[in-house]
There are 2 protein chains.
Amino acid sequence: MRIFRDLIETGSFSKAAELNYLTQSAVSQQLKHLEKSVGRPLLDRGSRQLKLTSAGRIFYRAAKRIVAAYEDITARIQATAPESDQRLRIAAIYSVGTYVLQRYLKDFLRRCPEVKVEVDYQKASRICDDILRGRADLSIMAYPVHRRDLQTIPLADEELVLALPKLHPLGRREALNLADLAGQDFIAFDRGTPTRKALDHILRAAKVRPKVRMEFDNIETIKSAVSSGMGVSIVPEATVAADAKAGSLCVRRFADRRLSRPLGVLVRKSRRENRAVRAFLKQLDGARAR
Amino acid sequence: MRIFRDLIETGSFSKAAELNYLTQSAVSQQLKHLEKSVGRPLLDRGSRQLKLTSAGRIFYRAAKRIVAAYEDITARIQATAPESDQRLRIAAIYSVGTYVLQRYLKDFLRRCPEVKVEVDYQKASRICDDILRGRADLSIMAYPVHRRDLQTIPLADEELVLALPKLHPLGRREALNLADLAGQDFIAFDRGTPTRKALDHILRAAKVRPKVRMEFDNIETIKSAVSSGMGVSIVPEATVAADAKAGSLCVRRFADRRLSRPLGVLVRKSRRENRAVRAFLKQLDGARAR
DNA sequence: ATGCCCCTATAAGAGGAGCTAATAGTTTGA
DNA sequence: TCAAACTATTAGCTCCTCTTATAGGGGCAT
């Protein structure tokens with residue numbers, strides 16, 4: 001039902017898929033099942049853009065109400081939890097949680113040492129759900145989606161840099177261009193992760209084709225693959241700063257192109273935040289201003 | 001959510017399971033998952049009878065509303081279907097649909113030839129769902145459940161008889177008692193079908209243990225297994241009346257015990273029936289009076 | 001036209017959710 | 001004190017729902 005609602009509101013299978021961290025194929029199949037289960041077509045296939053049938057209109061209205069009610073439950077239950085005032089529950093993807101987030105948290109805990117912080121590492125798709133359903137107060141993530149029921153606060157632009165094995169030939173070059181990646185052995189994020197999709201897009205647009213040798217969903221695994229010479233990779237700068245300093249990796253920027261990924265904070269829109277959450281958000285806002 | 005609602009309203013895992021045509025185990029697991037997904041316990045396990053926690057109370061209220069809304073959608077959509085006034089959609093289990101139902105339908109169609117009748121054969125569990133969600137107008141089934149959101153109209157008691165292969169020794173006996181089944185090769189309904197459960201209950205209470213050789217969910221398969229001498233079975237009388245006459249099976253009643261199963265009609269309680277449905281229900285009511 | 005890029009639909013396969021069956025442990029009632 | 005009824009737990013299986021890959025259609029540039 002949530003998928004159907006998003007499908008109608010975005011007017012596009014692919015966008016609805018993106019909002020729910022699914023493939024377009026999944027959305028297409030879901031709609032098919034839905035129509036079978038309801039027993040009548042919900043969408044007019046004839047025309048160019050999506051058009052609801054009369055049955056679809058009824059279903060859409062109901063779906064909207066039901067989804068909203070559904071997502072509200074756990075949130076409301078969480079709100080009645082004891083000692084919830086001192087709790088800050090953050091959902092984060094791994095690469096952000098262990099590096100960027102730690103900086104903010106350290107500051108925050110110095111100021112508010114009484115707050116109990118819980119960080120949950122999840123896939124991007126779960127994070128959205130956790131926040132909508134009140135299992136987490138907020139999330140810091142890369143490529144945050146824009147949903148009507150979630151507030152997205154842009155936080156920073158995280159630089160993406162080229163990570164090379166220590167003695168890689170490219171490391172000796174004066175200026176590195178994006179095109180130099182062509183034909184290189186490449187260690188990539190898993191297909192389906194937002195960062196991977198964005199990078200694929202950029203490389204395809206630039207008609208640069210590295211040879212993707214391995215794919216991992218974990219930044220640590222990527223780093224160790226690079227440092228053991230399996231190939232090069234493009235990773236968030238913060239995740240390799242320490243390794244560059246220690247000399248276990250060679251880190252370079254591209255001369256012709258600045259790569260970055262947007263970081264943002266995700267919060268429920270209909271929020272009744274506790275003090276801890278408000279304080280943390282305020283600090284983030286301050287950090288952003290600087 | 002429906003399971004949880006039923007669980008609370010019946011106050012029993014097993015009863016909630018029965019209402020949804022599941023095993024008690026499934027209900028137990030569902031609750032566990034639900035509590036995990038909500039993040040807090042919903043039920044007080046300490047005490048004897050079920051008691052909601054404070055989180056459980058909130059969840060129950062919401063679940064009730066959401067389930068009701070959910071089940072209402074398809075029903076409302078169906079109501080707007082064109083030419084729905086001339087349609088009578090019946091969901092039936094196989095053994096009732098092909099025998100008992102045919103009789104009623106023949107009469108009905110003679111009187112209302114303009115009505116388009118659609119009969120869908122389903123498992124009992126799907127039937128309930130079909131009616132709740134308006135994919136079927138009514139159902140005739142054995143052992144109809146009693147749900148608050150469904151109306152159950154008792155229709156008849158269908159005699160259950162012993163079906164024997166043509167030359168089976170038991171067929172020559174004067175009077176047959178239930179106890180004579182002890183040790184006999186038995187062809188049974190599938191575990192999980194209501195009729196099977198009822199028969200198991202009766203046999204266990206009488207401490208009679210036939211040897212269950214085969215289990216089928218289809219009455220036709222059971223009949224052909226019996227007629228080819230694989231064993232004996234207990235089946236609805238109507239399903240073997242023709243075979244008894246043709247001599248392909250031997251049909252006997254028990255001298256010491258009348259076995260039967262209740263047939264009933266299931267209709268949505270909040271019904272806005274069309275003319276066809278009303279007419280059919282009226283005829284059934286008449287048949288019952290006779 | 002031709003190619004390209006966007007879209008949606010479909011097929012095939014992998015993985016996980018949710019079921020049953022079996023069984024253990026607990027409580028109730030004769 | 002035993003039998004019956006209840007809930008919890010485990011293992012195994014099935015079906016559902018995802019992803020990947022691919023086909024086919026429409027709009028827009030070259």
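**Exercise 1. Helix 1 and helix 3 of chain A**

Describe how helix 1 and helix 3 of chain A pack in this predicted model.

Solution.
1. Take the geometry. Helix 1 of chain A covers residues 2–10 and helix 3 of chain A covers residues 24–38; they pack at an angle of about 110°, and their axes are 10 Å apart.
2. Classify the angle. Values of 65 to 115 degrees count as roughly perpendicular, and helix 1 and helix 3 of chain A are therefore roughly perpendicular to each other.
3. Assign the handedness. The crossing of helix 1 of chain A with helix 3 of chain A is left-handed.
4. List the residues. Helix 1 of chain A contributes A:Ile3, A:Phe4 and A:Leu7, while helix 3 of chain A contributes A:Val27, A:Gln30, A:Leu31 and A:Leu34.
5. Sort these residues by class. The contact has six nonpolar residues, one polar residue and no charged residues.

**Exercise 2. The corresponding elements of chain B**

Give the angle, the handedness and the contact residues for helix 1 and helix 3 of chain B.

Solution.
1. Helix 1 (residues 2–10) and helix 3 (residues 24–38) of chain B cross at roughly 110°, and their axes come within 10 Å.
2. Helix 1 and helix 3 of chain B are therefore roughly perpendicular to each other.
3. Helix 1 of chain B passes helix 3 of chain B in a left-handed crossing.
4. On helix 1 of chain B the residues are B:Ile3, B:Phe4 and B:Leu7; on helix 3 of chain B they meet B:Val27, B:Gln30, B:Leu31 and B:Leu34.
5. By class, this contact divides into six nonpolar, one polar and no charged residues.

**Exercise 3. A:Phe59**

Is A:Phe59 buried or exposed, and which residues is A:Phe59 in contact with, leaving aside its neighbours within four places in sequence?

Solution.
1. Locate the residue. A:Phe59 is part of helix 4 of chain A, which covers residues 54–79.
2. Apply the cut-off. Buried means under 20% relative accessible area; A:Phe59 has 2%, so A:Phe59 is buried.
3. List the contacts. Apart from neighbours within four places in sequence, A:Phe59 is in contact with A:Met1, A:Phe4, A:Leu34, A:Val38 and A:Leu42, and also with B:Ile73 and B:Ile77.
4. Connect this with Exercise 1. A:Phe4 and A:Leu34, both in the list for A:Phe59, also belong to the contact of helix 1 with helix 3 of chain A.
5. Take one pair further. A:Met1 and A:Phe59 are 58 residues apart along the chain, and their C-alpha atoms are separated by 9.0 Å.

**Exercise 4. Two buried side chains and their backbone partners**

Which backbone oxygen does the side chain of A:Arg268 reach, and which backbone oxygen lies 2.8 Å from a polar atom of the side chain of A:Thr74?

Solution.
1. A:Arg268 is found in strand 11 (residues 259–268) of chain A, and A:Thr74 is in helix 4 of chain A.
2. A:Arg268 has a relative accessible area of 13% and is therefore buried; A:Thr74, at 0%, also counts as buried.
3. The side chain of A:Arg268 reaches the backbone oxygen of A:Leu132 at 2.3 Å.
4. For A:Thr74, the partner is the backbone oxygen of A:Arg133.
5. Beyond neighbours within four places in sequence, the contacts of A:Arg268 include A:Glu71, A:Asp72, A:Ala75, A:Leu132, A:Arg133 and A:Asp149.
6. With that exclusion applied to A:Thr74, its contacts are A:Arg133, B:Ser37 and B:Val38. A:Arg133 is thus listed for both A:Arg268 and A:Thr74.

**Exercise 5. Helix 7 of chain B**

How many of the nine residues of helix 7 of chain B are buried, and which are they?

Solution.
1. Helix 7 of chain B spans residues 124–132, and seven of its nine residues are buried.
2. They are B:Ala124, B:Ile127, B:Cys128, B:Asp129, B:Asp130, B:Ile131 and B:Leu132.
3. B:Gly134 follows helix 7 of chain B and has a positive phi, near 75°.

**Exercise 6. Positive phi outside glycine**

Where in chain A do A:Tyr143 and A:Lys207 lie?

Solution.
1. Recall the background. Most residues other than glycine have a negative phi.
2. A:Tyr143 has a positive phi near 50° and sits in the loop between strand 5 (138–142) and strand 6 (150–164) of chain A.
3. A:Lys207 has a positive phi of about 55° and sits in the loop between helix 8 (194–205) and strand 8 (211–216) of chain A.
4. Exposed means over 50% relative accessible area; A:Lys207 has 75%, so A:Lys207 is exposed.

Conventions
Residues are numbered from 1 along each chain as its sequence is written. Chains are lettered from A and ligands numbered from 1 in the order in which they are written. This is a predicted model: local features need pLDDT of at least 70, side-chain atom pairs count only at pLDDT 80 or more; totals for chains, interfaces and linings use all residues. Side-chain values use heavy atoms; hydrogens and water are left out. Axes are lines fitted to C-alpha atoms, for helices over the stretch in contact, and angles run from 0 to 180 degrees between N-to-C directions. Helices (H or I, at least four residues) and strands (E, at least two) are DSSP runs, numbered from the N terminus. Angles under 35 degrees count as roughly parallel, over 145 as roughly antiparallel, 65 to 115 as roughly perpendicular and the rest as oblique. A crossing is left-handed if the near helix is turned anticlockwise from the far one by less than a right angle, and right-handed if clockwise. Contact means heavy atoms within 4.5 Å. Ala, Val, Leu, Ile, Met, Phe, Trp, Tyr, Cys and Pro count as nonpolar, Asp, Glu, Lys and Arg as charged, and the others, Gly among them, as polar. Buried means under 20% relative accessible area, exposed over 50%, partly exposed in between (1.4 Å probe, protein chains only). A polar contact is a pair of N or O atoms within 3.5 Å; within protein, one must be able to donate a hydrogen and the other to accept it, and residues adjacent in sequence count only if both atoms are side-chain atoms.
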